[in-house]
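Hi,

Here is the structure I said I would pass on. Have a look at it first, and my notes follow underneath.

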Amino acid sequence: MFSFTLGSLLLSQSLIANELNYRDQAQLHQIAKAVSAERIGQDIQTLVNFGTRHTLSETQSPTRGIGAARRWIKAEFERISKQCGGCLEVIEVSDVISGEKRIPNPTEVVNIIAIQRGAVEPNRMVMMSGDIDSRVSDVMDFTSDSPGANDNASGVAGTLEAARVLSQYRFNGSIVYAALSGEEQGLFGGKILAAYAKKQGWQVHGVLNNDMIGNITGINGVTDNTTARIFSEGTRVTETKEQARVRRFTGGEVDSASRNLARYIDTIADRYIPNLDTMLVYRLDRFGRGGHHRPFNDAGFSAVRIMETNEHYDRQHQDLRTENGRVYGDTIDGVDFDYAAKLTALNAVSMASMAWAPAPPTAVKISGAVEASTHFTWQQSSDPTIAGYRIYWRYTSEPQWQFSRDVGKVNQAILENIVIDNYTFGVAAISQDGLESPVVFPGDVGAFE
């Protein structure tokens, strides 16, 4: 152990680490335990039984195609809502798409959305999403059987299960459960919902997109049910030239709102999800590929992708077949329900924590160039649940926050003799119950609004 002097205060390395004061939340442990692998497995099987859920597939049949799948999902959300006394607002958010490479003819792309309104800030949202649609090798083949068990019945089943569990609680902020369509044809469901959210004026502080959360055996031969990946973009794609110019001199390339959302979820995994280690991947998505969180990033929202660590490409976007003894196709026998439940629990606990916690601080600013100390200001919220604010900092090369200090219910603070040049900083809001918001990096780069 080493020690050093900051002003007149002698701090040891262990003492600084202990400043990361966090009050363990019994309810979050209860939420994690309430997620059922059995129910998730049943929902995946139901979705597989629709034969195909291709965006261009049958919509009138009661048993086959994406229309039947959508109606079942909507009925399931409505059943969940009935059990919680009507706590969910179940709606369809849709648009007609045509003239696109993968949707050449007019096609209604329909998202099924359930909104659990918050009691204090109903317009503040955190969202979990999964994709309804499935596909085979030919992206335009809408008639062949396409089970889509892992890609992405697992994400929809997880979203339904999160709704079952979280609908038993009341939150300060709102939670949105989204079953999105049109992902395989060009991320159209996400585009439609992101535009709807903007039109409604939703304050979307986090989108947790779940795409393939049930496979534990990769094409690389690795079987692993203890890790998951969280993909997050760096700087916002909506960044202006002036914002980029400021960032060049102040930093923040790895501290966008999406990155700090990912850090938040990673910390939740460490605290509340046994035998799960999440990997922060500093990339929008897998190399050169895309997912349904991207339309929300494109709209300027904080959004990440949560998924398995080791993918099996023989089980993605494949016709059902066997060639030379090698089996292809996304069938339910390739899904591990316990693992899907583990990742669903991660989502549920992360959303519950954010929805109970105050909103991330706004208008966070920092100064201290050519000074011995670092100065912070932010807009103090009128949220009655806020107990105070916590300043975080870390070495610029570190992936997670290392040090913190509670500064009370104020709108400005100074870290004496902590030099701005040596660290990356952020501010979080803390509730009276000890729950905290994601950390906000100062300036436009890190803002959640």
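**The largest pocket**

Helix 7 is the top contributor to the lining of the largest pocket, giving six residues. Before you read on, keep in mind that this is a predicted model.

The pocket itself holds about 590 Å³ of space. In total, 26 residues line the pocket. If you want to find its centre on screen, pick out F249, T250, G251, I366 and F441, which lie nearest to it. Helix 7 (241-250) shares the job with strand 13 (362-367) and strand 18 (423-431): these are the elements that give two or more residues to the lining. As for chemistry, the lining of the largest pocket is a mix, with 11 nonpolar residues, nine polar ones and six charged ones.

**A sheet with strand 18 at its edge**

Strand 18, which helps line the pocket, also belongs to an open sheet of three strands. The order is 16-15-18, and the pairing is antiparallel. Strand 16 (403-408) and strand 18 are the edge strands, each pairing on one side only. From one strand to the next, the twist averages 25°.

How many bridges join strand 15 and strand 18? There are nine, and the two strands run in the antiparallel sense, with strand 15 covering residues 386-395. To see one of the pairings for yourself, go to Y395, whose bridge partner in strand 18 is Y423.

**Two helix pairs**

I also looked at how some of the helices pack.

Take helix 4 (residues 66-83) and helix 5 (residues 149-166) to begin with: their axes are 9 Å apart and the packing angle is about 15°. Since angles under 35 degrees count as roughly parallel, that makes helix 4 roughly parallel to helix 5. Where helix 4 passes helix 5, the crossing is right-handed.

Then there is helix 8 (residues 257-272) with helix 10 (residues 337-356). Here the axes come within 9 Å and cross at roughly 115°. Are these two roughly parallel or roughly perpendicular to each other? The range for roughly perpendicular is 65 to 115 degrees, and helix 8 and helix 10 are therefore put in that group. The crossing of helix 8 and helix 10 is right-handed.

If you only have a few minutes, I would start with helix 7 and its six lining residues, then move on to strand 18, which takes part in the pocket lining and sits at an edge of the sheet.

Cheers

Methods:
Residues numbered from 1 in each chain as written. Predicted model: local features only at pLDDT ≥ 70, side-chain atom pairs only at ≥ 80, totals over all residues. Heavy atoms only, no water. 1 Å grid on protein atoms, 1.4 Å probe; cavity = no way out; pocket = protein on both sides within 12 Å on 5 of 7 lines; lining within 4 Å. Points joined across faces, edges and corners; volume = space filled by probe spheres on them. Helix = DSSP H or I, 4+ residues; strand = E, 2+ residues; numbered from the N terminus. Nonpolar A, V, L, I, M, F, W, Y, C, P; charged D, E, K, R; others polar. Pairing = 2+ DSSP bridges. Axes fitted to C-alpha atoms, helices over the stretch in contact; angles between N-to-C directions. Parallel < 35°, antiparallel > 145°, perpendicular 65-115°, else oblique. Left-handed = near helix turned anticlockwise from the far one by under 90°.
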